[in-house]
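Reader: I would like to go through the reasoning behind some of the labels used for this structure. Could you set each value against its rule?

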Amino acid sequence: MTGMTAEVMTPKEVETAKEAAIAPKFVTKGVDVYYAEKQALTNVSLDIETNQVTSLIGPSGCGKSTYLRCLNRMNDTIDICRVMGDILLDGADIYSREMDVVHLRARVGMVFQKPNPFPKSIYENVCYGPKIHGIAKNKAELDDIVHTSLQKAGLWNEVKDRMHEPGTGLSGGQQQRLCIARAVAVQPDVILMDEPCSALDPIATAKIEELIDELRVNYTIVIVTHSMQQAARVSQRTGFFHLGELVEVGETEQIFTNPKDERTQGYITGRFG
Amino acid sequence: MASDHIVKSFDDQLNRLGNVIAEMGGLAEVQLSDAMEALKRRDIEKAIEVAAGDQRIDDLESEVDHLAVSLLALRQPMATDLRDVIGALKVSSMIERVGDYAKNVAKRTSALAEVPPVPPAFTVARLGRLTQEMFKEALDSYISRDLVKASTTRNRDEEADALYTSIFRELLTYMMEDPRNITSCTHLLFVAKNLERVGDHATNIAEMTHFVVEGKTPEGERANNDESSFTVVRPAGID
């Protein structure tokens, strides 16, 4: 869906867009991940549906963050980490030699647990990505991208008069939305979120959750969360990880009302011992 | 019953919910059998006792509501726990209705004791035994989460409906035979209707057993033998 605007599409383009909307954004098959000798993920096969929110839940150390980090090759930054299996983004193997990792990480953006704005102004935080990726032709276009990104992240009204103040001066919730604006600014297809609300208060959390729901229209979102209520509130599909395996994946409602696997049942009802 | 939660007080609350349902069910069973006994013996005193006893069931229903709301608000139960809470809410209101039917049977006993008995009372007593058994079986299935028992109960409702339809015909016939029978027959008709409803609630409770265990209610329509809504009995010698 990159760069899709309100322009009129030809019937053929409409067809292609429809097909693209139906096909999963990510197809992953038989993914194994090792940190040195230690196996962190075992044979994970999971499709990430386009324009849906997929939440990954499971106890600490179950591999859900490891899986998330495979989707934009963040694990490459860890020397001892080996990733095996197929991870296809729109049908293309992201671990192939031809894949440009910098470009991949622009297409598959990431938001972390702790808000991590650059120690620069709010404006510069958002314009940095588009600038280095050469997305904007001139200053006017850049201003426009910063404006729409902040609007999409629901932050515009709160910061429009202080664009040149440091991003680190914002509240935690605002900083997290700034990070979302920063991810959105490079026009990604997918946004990965690793515990995006665990450092936020309930009001800031609610704002992020509302935002996730709005962003879903244009982006595919994968969120790792420790809050099952959050997974239930924001996602359409939920995957449960345990001991490096994907135990169960399904419609969020089914997972939380009638999970099929006993381990899922045990975890979500608070019976894990 | 609930066990093994990491937070023990969650187990305690869920178990308390189950215990109140069991207590309510037990009380409603006794109310129903006492009401039928009073009807059979034309025992007005006992009937009054039954009518007064309904309050206790209503109080327990309020307690279930309170417990369930607090569990939903404070524990955010999921999966089987969630279904347990929803099941308790629904089953408690069904038991409360059965209590009301028992009370209504008891009230009519006072009126029936003042008029001469009519033979269909025996068939009504038979419907009473059948629906009491169904109700007991449904409660047992719910409390012990026994799907086999639940299915049996659900299938017996057919029998109750058929019996109710035949009572309906029998009562109409007696009323036509002699207008002096109308008072007792009309009261008995309401008693029979109450009992038929007890059978329906027993079926619903059995379906809730399926819901709490399997996450879905059984598929497919049950056979329905209640034809009383379409029944016409013509006086002899006409047409």
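Reader: How many residue pairs in polar contact does the rule find across the interface of chain B and chain A?

Author: In this predicted model, the rule finds nine such residue pairs across the interface of chain B and chain A, both residues of each being at pLDDT 80 or more. The largest share of the side of chain B that touches chain A comes from helix α3 (residues 79–112) of chain B, with five residues.

Reader: What makes D81(B) and R271(A) a salt bridge?

Author: Their side chains meet at 2.9 Å, N to O, and the rule asks for a side-chain nitrogen of Lys or Arg within 4 Å of a carboxyl oxygen of Asp or Glu, so the pair qualifies. Across the interface of chain B and chain A the rule finds one salt bridge.

Reader: Why is H5(B) called buried?

Author: Its relative accessibility is 1%, and buried means under 20%, so H5(B) falls in that class. H5(B) lies in the segment before α1 (8–41) of chain B, and, leaving aside neighbours within four places in sequence, its contacts include T269(A), G270(A) and R271(A) as well as D81(B).

Reader: How do you know that the span of helix α5 (residues 147–177) of chain B agrees with what is expected?

Author: At 1.5 Å a residue, its 31 residues should span 45 Å, and the end C-alpha atoms are 46 Å apart, which agrees. At the start of α5(B), a side-chain oxygen of D146(B) reaches to within 3.0 Å of the backbone nitrogen of V148(B).

Technical notes: Residues are numbered from 1 along each chain as its sequence is written. Chains are lettered from A and ligands numbered from 1 in the order in which they are written. This is a predicted model: local features need pLDDT of at least 70, side-chain atom pairs count only at pLDDT 80 or more; totals for chains, interfaces and linings use all residues. Side-chain values use heavy atoms; hydrogens and water are left out. Helices (H or I, at least four residues) and strands (E, at least two) are DSSP runs, numbered from the N terminus. Buried means under 20% relative accessible area, exposed over 50%, partly exposed in between (1.4 Å probe, protein chains only). Contact means heavy atoms within 4.5 Å. The expected span of a helix is 1.5 Å times one less than its number of residues. A polar contact is a pair of N or O atoms within 3.5 Å; within protein, one must be able to donate a hydrogen and the other to accept it, and residues adjacent in sequence count only if both atoms are side-chain atoms.
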